[in-house]
Amino acid sequence: MFAGFYDEIHEEFREVVREFVTREVSPHSKTWDSEHMIERSLWSAAAENGLLGLAVDEEHGGMGLGDYRFRMIIDEELARANALSVALALHLHDDWVLPALLKFATAQQKQTWLPRFMDGSFVSSVAFTEPGAGSDLRSVRTKAVKDDDGGWTLNGQKTFIGNGISGDGALVLARTDGSEPRERGAETSFSLFLVEKADNPGYQPGRQLEKMGLTASDTAELFFSDVHVPAGNLIGEPGRGLEYAKAILPQGRLGVATSAAAVTAEVLRQTVDYVGQREAFGQSIREFQHTRFQLAELQVGLEATQRYVAAAVESFNAGSLDLVAASKAKLWASEQAKSSVDACLQLHGGYGYILDYPVAHAYLAVRLLTIFGGTSEILKETISADLTG
Ligand SMILES: Cc1cc2nc3c(=O)[nH]c(=O)nc-3n(C[C@H](O)[C@H](O)[C@H](O)COP(=O)(O)OP(=O)(O)OC[C@H]3O[C@@H](n4cnc5c(N)ncnc54)[C@H](O)[C@@H]3O)c2cc1C
């Protein structure tokens with residue numbers, strides 16, 4: 001980010017993160033890429049370094065670091081290591097599931113789950129999307145039916161679920177009033193559950209989905225077949241699941257925006273190095289006017305992104321980041337990442353297309369950012385509705 005954005009305390013935190021990434025991520029990245037799975041020990045190592053659940057308050061054993069700049073440093077250091085897969089896996093845990101617990105869980109639920117969130121023994125997924133319901137979550141078919149003992153029986157199928165195979169449980173959005181999809185005005189039909197995989201044979205990850213990028217992280221289908229969900233695993237009040245899901249979207253989208261900004265900056269830095277080394281027609285390719293102008297444009301684009309994302313982070317820290325502002329930050333930063341990394345790949349010539357070069361991985365990875373967590377089109381709907389009322 002730009003000078004003056006971080007304070008000394010953030011830079012001290014960066015030292016911890018950089019050391020962690022150098023020791024625990026970089027040496028394993030290639031293996032995780034080929035095995036399509038981040039080794040589970042990464043989570044306990046992250047926990048030992050205090051990198052999980054930064055926002056958990058001291059009462060629950062956390063550090064209460066609600067200042068999102070700390071999360072951004074993790075993004076930036078993982079981007080430096082070309083490890084966006086790891087960054088996004090952590091975001092699911094810390095920026096989607098955790099806020100739901102911090103905002104809506106009872107004191108008892110927090111006592112039970114937050115320590116496990118922070119020590120890496122409960123790796124979580126967010127399970128909203130289904131084969132027939134992505135952008136349109138009101139089409140979710142997964143159903144939870146109340147049992148006589150106050151618990152719930154869950155049946156359904158989710159897809160594209162990050163940490164779906166490696167994780168220990170998921171924040172599941174399910175239909176709880178017996179209604180069917182497409183019954184409009186059914187805002188009160190859904191509930192959120194934290195569903196645990198252990199001792200639940202009906203909770204079955206499906207196949208590992210082969211992704212074009214972000215190959216180190218696992219993304220899977222999830223199947224729920226007569227899964228018993230205890231009453232204590234309902235988050236908040238029944239019937240308010242969609243409202244809660246919407247309430248965590250600003251933080252989830254902010255995390256995509258900060259990841260996008262971090263990757264854009266890192267890929268541009270690598271590209272500036274590359275064009276300085278590569279020669280054509282007897283000169284460094286950096287000396288071509290087109291290259292210089294392209295780099296200038298990319299740098300200005302990056303700085304605009306960083307300023308815009310920084311403004312969203314400041315709003316978040318002040319407790320005022322709303323869905324529209326978060327959607328704008330995600331839209332801008334993810335679209336910029338896509339076009340900027342594309343231009344950087346072009347500047348690498350043929351080598352940019354070869355997976356030995358980080359820019360090729362980044363190109364494939366950032367393609368997700370305009371899709372996951374709300375597609376650019378859905379974000380534009382949100383932004384435009386705010387304009388036109
Ligand atoms: C690698 C990966 C990881 C993911 N991780 C998770 C995860 O961990 N948890 C989770 O719950 N989900 C996850 N997702 C799902 C992701 O959030 C959805 O793919 C996304 O929300 C889009 O939903 P969809 O795929 O069903 O697309 P669709 O909703 O079918 O959209 C298809 C196209 O139609 C457009 N469209 C849809 N509605 C409108 C509209 N109203 N106006 C204009 N255009 C529209 C979309 O913008 C898109 O271009 C992941 C997806 C991927 C690919």
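Helices (H or I, at least four residues) and strands (E, at least two) are taken as DSSP runs and numbered from the N terminus. The model is predicted: local features need pLDDT of at least 70, side-chain atom pairs count only at pLDDT 80 or more, and totals for chains, interfaces and linings use all residues. Residues are numbered from 1 along each chain as its sequence is written, and side-chain values use heavy atoms, with hydrogens and water left out.

The protein chain divides into domain 1 (8-118), domain 2 (124-239) and domain 3 (243-388). These bounds come from an automatic or database domain assignment.

Helix 3 (41-48) follows helix 2 (29-35) and the loop that holds His36. Leu42, Trp43, Ala45, Ala46 and Ala47 of helix 3 are buried. Buried here means under 20% relative accessible area, exposed means over 50%, and partly exposed covers the values in between (1.4 Å probe, protein chains only). The buried residues of helix 3 pack against four helices: helix 1 (8-25), helix 2, helix 5 (84-104) and helix 6 (107-118). Contact is defined as heavy atoms within 4.5 Å. Gly50 comes just after helix 3 and has a positive phi of about 70°.

Positive phi also occurs at residues other than glycine. His36 has a phi of about 55°. His36 is partly exposed, with a relative accessible area of 22%. Asp199 has a phi near 60°. Asp199 sits in the loop between strand 5 (190-196) and strand 6 (203-208). Asp199 is exposed, and its relative accessible area is 80%.

Thr215 belongs to another loop, between strand 6 and strand 7 (219-229). Neighbours within four places in sequence aside, Thr215 is in contact with Trp32, Asp33, His36, Met37 and Ser85. His36, with its positive phi, is thus among the contacts of Thr215. The side chains of Thr215 and Asp33 are joined by a polar contact of 2.8 Å. A polar contact is a pair of N or O atoms within 3.5 Å; within protein, one must be able to donate a hydrogen and the other to accept it, and residues adjacent in sequence count only if both atoms are side-chain atoms. Thr215 and Leu364 are 149 residues apart along the chain, and their C-alpha atoms are separated by 9.5 Å.

The interface between domain 2 and domain 3 was examined next. The C-alpha centres of the two domains lie 30 Å apart. Contacts link 10 residues of domain 2 with nine residues of domain 3. The two domains bury about 860 Å² between them, with 76% of it on carbon and sulfur atoms. Ser135, Met212 and Leu214 supply 48% of the area that domain 2 buries against domain 3, more than any other three residues. Buried area is the accessible area (1.4 Å probe) that two parts lose on being put together, summed over both. One residue pair is in polar contact between domain 2 and domain 3, both residues being at pLDDT 80 or more. By class, the side of domain 2 that touches domain 3 has six nonpolar, three polar and one charged residues. Ala, Val, Leu, Ile, Met, Phe, Trp, Tyr, Cys and Pro count as nonpolar, Asp, Glu, Lys and Arg as charged, and the others, Gly among them, as polar. The count of salt bridges between domain 2 and domain 3 is zero.

A salt bridge is a side-chain nitrogen of Lys or Arg within 4 Å of a carboxyl oxygen of Asp or Glu. The count by this rule is 19 salt bridges. One of them joins the side chains of Arg14 and Glu77, at 2.8 Å from N to O. Arg14 lies in helix 1 and Glu77 in helix 4 (residues 68-80), so the pair ties together parts that are 63 residues apart in sequence. Both Arg14 and Glu77 are buried.

Other pairs involve partly exposed residues. Glu243 forms a salt bridge with Arg240, and their closest N and O atoms are 2.6 Å apart. Glu243 is partly exposed at 40% relative accessible area, and Arg240 is partly exposed at 30%. Lys338 and Glu335 meet through their side chains in a salt bridge of 3.5 Å, N to O. Lys338 and Glu335 are three residues apart in helix 9 (residues 323-347), and are therefore separated by about one helical turn. Lys338 is partly exposed, with a relative accessible area of 25%; Glu335 is partly exposed at 27%. Elsewhere, salt bridges that share partners join Glu11, Arg14, Arg18, Glu76, Glu77 and Arg80 into one network.
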